[in-house]
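Open the model in a viewer and keep the sequence panel beside it. The stops below say what to select and what is found there.

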Amino acid sequence: MNLLLHAAIVIVLRRVFVRFVAPAPALAGALLFAVLPVHAQAVATVVGQAELLSALALVGLLLLVVTTDAPPTLGRLTAAAVLSAAALAAKEGGVMAPVLVLAAAWTLPRQRPYATRWATAALVGVCVLLAARVMVLGTFGGDSANPVFREVSVWRQWSIALAMLPRAAAMLT
């Protein structure tokens, strides 16, 4: 299943790329994406399926925006909201959908006047999913905070979090 999802992402990504570059470089970019080793874990493990589902929803959202020169219709805006919510439902990185859609629409001269409409639709999808999450779980995070954080002030919580940034950055390299 993961391999099929990855293949679908590559196919949709190529269609997005074609909107910005000639077909040959678009195919090369999609194929490069397909073989990047960074995707191996997402494709090879069951846990990675969430990343693939989120990526497919995000790339589908971008395709929705870049494949038309016409103003967005209510149907397309609704689809943008649904795809944004689906991306967030699959993985927390989907929260970036409104920003990605705004950037994609802004890069196309004929969609630039409608960029805020696209981004607003994506934001509505994200907000609806977050509201549903709060209604069901009672919180955005789902888990209770560590007891250490419950006993300290907000200022202290922030200072602890900021002190951990160098360690987090070191783990990325």
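**The salt bridge**

By the distance rule applied to side-chain nitrogens and carboxyl oxygens, the count comes to 1 salt bridge. This is a predicted model. Select R19 and D69: their side chains form the salt bridge, at 2.1 Å from N to O. R19 is in the loop between α1 and α2, and D69 is in the loop between α4 and α5, so the pair ties together parts that are 50 residues apart in sequence. R19 is partly exposed, with a relative accessible area of 31%. D69 is also partly exposed, at 38%.

**The whole chain**

Zoom out and colour by secondary structure. The chain has 10 helices and 0 strands, in the order α-α-α-α-α-α-α-α-α-α along the sequence. Its C-alpha trace spans about 55 × 35 × 30 Å along the principal axes. Of the 173 residues, 29% count as buried. The exposed area of the chain is about 10,800 Å², and carbon and sulfur atoms supply 72% of it. Among contacts with a separation of 6 or more, 65% are between residues 24 or more positions apart.

**The core**

Nonpolar side chains tend to be buried together in soluble globular proteins. Which residues have the most contacts inside the largest nonpolar core here? Select V16, V59, V65, A80, V101 and W118; the core they belong to has 30 residues. The elements giving two or more residues to this core are α1 (2-18), α4 (49-66), α5 (74-90), α6 (97-107) and α7 (115-137). The largest share, 10 residues, comes from α4.

Now centre on W118 and show its surroundings. Leaving aside neighbours within four places in sequence, W118 is in contact with L64, V65, T68, P72, R76, L77, A80, V101, A105 and Q111. Three of these names, V65, A80 and V101, also appear among the core residues with the most contacts.

**S54 in α4**

Stay with α4 and select S54, which is in this helix. Is S54 buried or exposed? S54 is buried, because its relative accessible area is 4% and the cut-off for buried is under 20%. Next, show what surrounds S54. Not counting residues up to four places away in sequence, S54 touches A87, A90, K91 and G94. Of these, A87 and A90 fall within the range of α5 (74-90).

**F33 in α2**

Move to F33, which is in helix α2. F33 is partly exposed, with a relative accessible area of 21%; the buried class ends at 20%, so this value lies outside it. To relate F33 to the surroundings of W118, draw a distance from F33 to A105, one of the residues in contact with W118. F33 and A105 are 22 Å apart in space, C-alpha to C-alpha, and 72 residues apart in sequence.

**A nonpolar surface patch**

For the last stop, switch on the surface and select L32, V35, L36 and V38. These residues make a nonpolar surface patch of about 400 Å². Where is V38 placed? V38 is in the loop between α2 (23-35) and α3 (40-44). V38 counts as exposed, because its relative accessibility is 65% and exposed means over 50%.

Methods:
Residues are numbered from 1 along each chain as its sequence is written. This is a predicted model: local features need pLDDT of at least 70, side-chain atom pairs count only at pLDDT 80 or more; totals for chains, interfaces and linings use all residues. Side-chain values use heavy atoms; hydrogens and water are left out. Patches are made of residues with over 30% relative accessible area and no salt bridge: like charges are joined within 9 Å, nonpolar side chains (Val, Leu, Ile, Met, Phe, Trp, Tyr) within 5 Å. Accessible areas come from the Shrake-Rupley method with a 1.4 Å probe; for residues, only the protein chains shown count as cover. A salt bridge is a side-chain nitrogen of Lys or Arg within 4 Å of a carboxyl oxygen of Asp or Glu. Helices (H or I, at least four residues) and strands (E, at least two) are DSSP runs, numbered from the N terminus. Buried means under 20% relative accessible area, exposed over 50%, partly exposed in between (1.4 Å probe, protein chains only). A nonpolar core is a set of buried Ala, Val, Leu, Ile, Met, Phe, Trp, Tyr and Cys residues joined through side-chain atoms within 4.5 Å. Contact means heavy atoms within 4.5 Å.
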